[in-house]
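Hi everyone, thanks for making time for this. I'd like to walk you through one protein chain, starting with the whole and then stopping at a few residues.

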Amino acid sequence: MVVEAGCILSAAKERAAEDGMFFPLALGAQGSCQIGGNVSTNAGGINVLRYGMTRDLVLGLEVVLPDGKIWDGLSTLRKDNRGIDLKQLFVGSEGTLGIVTAASLKLNPLPAQRATALVAVASLDDAVALYRLARRECCDLMSAFEFMPPTAFALAQAAMPDLVMPLSNEYQAYVLMEISGSGLIDVADLMQRFLELGLERSLVLDGVVAASESQARMLWNFREAMVEGQVKRGRHLRTDVSVPLSNLAAFVREAELQLAAELPECLAISYGHVGDGNVHLNVLPPVQTSEAERHAIIKRAKSIVNGVLADYRGSISAEHGIGREKMEEFRAALPPVQAAMLAAVKAALDPEGRMNPGVLF
Ligand SMILES: Cc1cc2nc3c(=O)[nH]c(=O)nc-3n(C[C@H](O)[C@H](O)[C@H](O)COP(=O)(O)OP(=O)(O)OC[C@H]3O[C@@H](n4cnc5c(N)ncnc54)[C@H](O)[C@@H]3O)c2cc1C
């Protein structure tokens, strides 16, 4: 599907669905963000584990270069191995190398069936183990696997008081899982059999499967309202970090331990895209904290999280990019060889610095 850069993501998805097709990029901002912004930030979201990030969903781009020339790279070829894949330079480069004006997007068949379940597990370690089991048993049909702590429900209800908690909130961790597909596969049966297997292996402690589209929506509302609930608590540290999947649970445990020891008055909440090793480890100061105190707490909390992250060789930006907010941290940790390569690319395409300066300038 070829779209202009100003197309709103949800409009692109709706248009594809009219033809029974699916553009899998799915994120909270989809009603307002634009394809050009999605491309330029290499946006991710909840379906990455199955379909990849924007980088994997773009077949071609049209770009206005800094000198005003137009690069027509708007190919719709699925396979094209003619040398360096130039479009990938513009994906995720945050407007530093040119202005994206159109994109050709890779579509998939629209899944006709969806099974959504909220599952209680004993720990993040078990959530990771359950994810690995799901990868094996549900193969490519798993389209989302989100991890949430028990505090998520209180936060979600603060933002959406009508939400009804479908499981006891006394478990240590929860997983919101979705299997989807079209054609001859019965995804509801697959979900049922998978959860039974999880119970047998003592990975699933309790669970609820949505019986209708509206129940599935309600389960997703928890995930989305939880983010809004955090905003209601005032300014706080929001992170978007990633570590190798095998280290995810250990990283979160270590970071939360250090945060509890140094900032015991704060609420640390970790949730996110388990399958991508991507966690939002956010730190919320008490509600009555002044702005000046919040500033100091956020700074300290960020330094704790980044310190542990460095030990695990993780990334400070799994999805959201660098922008202005993470520029300083990114620069500080940038190896000289990498800095020189980035500078060379920037100088080659934008020698007069007309575009977004980005991280190096
Ligand atoms: C509620 C919410 C939930 C989100 N959830 C997720 C999530 O789960 N996963 C995830 O990955 N992201 C998430 N995001 C971030 C989201 O992916 C980005 O905000 C979005 O993709 C950026 O698109 P935009 O149109 O808003 O771009 P803008 O914010 O306008 O721009 C973003 C950057 O791209 C550049 N840019 C914009 N358009 C162009 C263009 N045409 N050519 C060149 N450069 C351009 C801008 O200069 C800027 O640097 C979320 C954001 C919100 C608000």
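Before we begin, one term: helices and strands here are DSSP runs, with at least four residues for a helix and at least two for a strand, and they are numbered from the N terminus. Please also keep in mind that this is a predicted model.

Let's take the overall picture. The protein chain has 13 helices and 13 strands. Its C-alpha trace spans about 60 × 55 × 35 Å along the principal axes. What radius of gyration does the protein chain have, with its 361 residues? The value is 21 Å, and that agrees with a compact globule, because a globule with 361 residues would come out near 21 Å.

Now the inside and the outside. Of the 361 residues in the protein chain, 48% are buried. The exposed area is about 17,400 Å², and carbon and sulfur atoms supply 54% of that. If you take contacts between residues at least 6 apart in sequence, 74% of them join residues at least 24 apart. As for charge, there are 33 positive and 42 negative side chains, and the centres of these two sets lie 5 Å apart.

Next, the annotated part. An unreviewed UniProt entry places the feature "domain: FAD-binding PCMH-type" at residues 1-110. Over residues 1-110 the chain is 26% helix and 23% strand, and the C-alpha atoms at the two ends are 14 Å apart.

Let's stop at two residues that touch each other. Threonine 54 sits in helix H4, which covers residues 54-57. Is threonine 54 buried or exposed? Its relative accessibility is 2%, so it counts as buried. Setting aside neighbours within four places in sequence, threonine 54 is in contact with Leu25, Asn38, Val39, Asn42 and Ala43.

Asn42, from that list, deserves a visit too. Asparagine 42 lies in the loop that runs between helix H2 (35-41) and helix H3 (48-51). Although asparagine 42 is not a glycine, its phi is positive, at about 50 degrees. With 11% relative accessibility, asparagine 42 also counts as buried, since the cut-off is under 20%.

Where else do we meet a positive phi in a residue other than glycine? Serine 202 has one, with phi near 60 degrees. Serine 202 is in the loop between helix H8 (187-200) and strand S10 (206-209).

Staying with helix H8, leucine 195 is found there. Leucine 195 is buried because its relative accessibility is 9%. Beyond neighbours within four places in sequence, its contacts are Ala117, Val119, Val204 and Val209. The C-alpha atoms of leucine 195 and alanine 16, which are 179 residues apart along the chain, are separated by 32 Å.

Ala117 comes up again with leucine 219. Leucine 219 belongs to helix H9, residues 213-232, and at 4% relative accessibility it counts as buried. Not counting residues up to four places away in sequence, leucine 219 touches Thr116, Ala117, Leu118, Pro166, Leu176, Val208 and Ala210. Its C-alpha atom is separated by 23 Å from that of glutamate 137, 82 residues apart along the chain.

For a contrast in exposure, look at tyrosine 171. Its place is the loop between helix H7 (151-159) and strand S9 (173-181). Tyrosine 171 is partly exposed, because its relative accessible area is 23%. Not counting residues up to four places away in sequence, tyrosine 171 touches Ala120, Val121, Pro150, Leu205 and Asp206. The C-alpha atoms of tyrosine 171 and valine 2 are separated by 46 Å, with their positions 169 residues apart along the chain.

My last stop is leucine 245, in the loop between strand S11 (241-242) and helix H10 (248-262). Its relative accessible area is 17%, so leucine 245 is buried. Which residues does leucine 245 touch, not counting those up to four places away in sequence? They are Val128, Tyr131, Arg132 and Val274. For leucine 245 and valine 128, 117 residues apart along the chain, the C-alpha atoms are separated by 7.7 Å.

That's my tour. Thanks for listening, and I'm happy to go back to any of these stops.

Notes:
Residues are numbered from 1 along each chain as its sequence is written. This is a predicted model: local features need pLDDT of at least 70, side-chain atom pairs count only at pLDDT 80 or more; totals for chains, interfaces and linings use all residues. Side-chain values use heavy atoms; hydrogens and water are left out. The radius of gyration is taken over C-alpha atoms; the globule rule is 2.2 Å times the number of residues to the power 0.38. Buried means under 20% relative accessible area, exposed over 50%, partly exposed in between (1.4 Å probe, protein chains only). Contact means heavy atoms within 4.5 Å. Accessible areas come from the Shrake-Rupley method with a 1.4 Å probe; for residues, only the protein chains shown count as cover. Lys and Arg count as positive and Asp and Glu as negative; His and the chain ends are not counted. The place of a charge is taken as NZ of Lys, CZ of Arg, CG of Asp or CD of Glu. UniProt positions are given in the numbering used here, feature names are shortened, and annotations may be inferred rather than shown by experiment.
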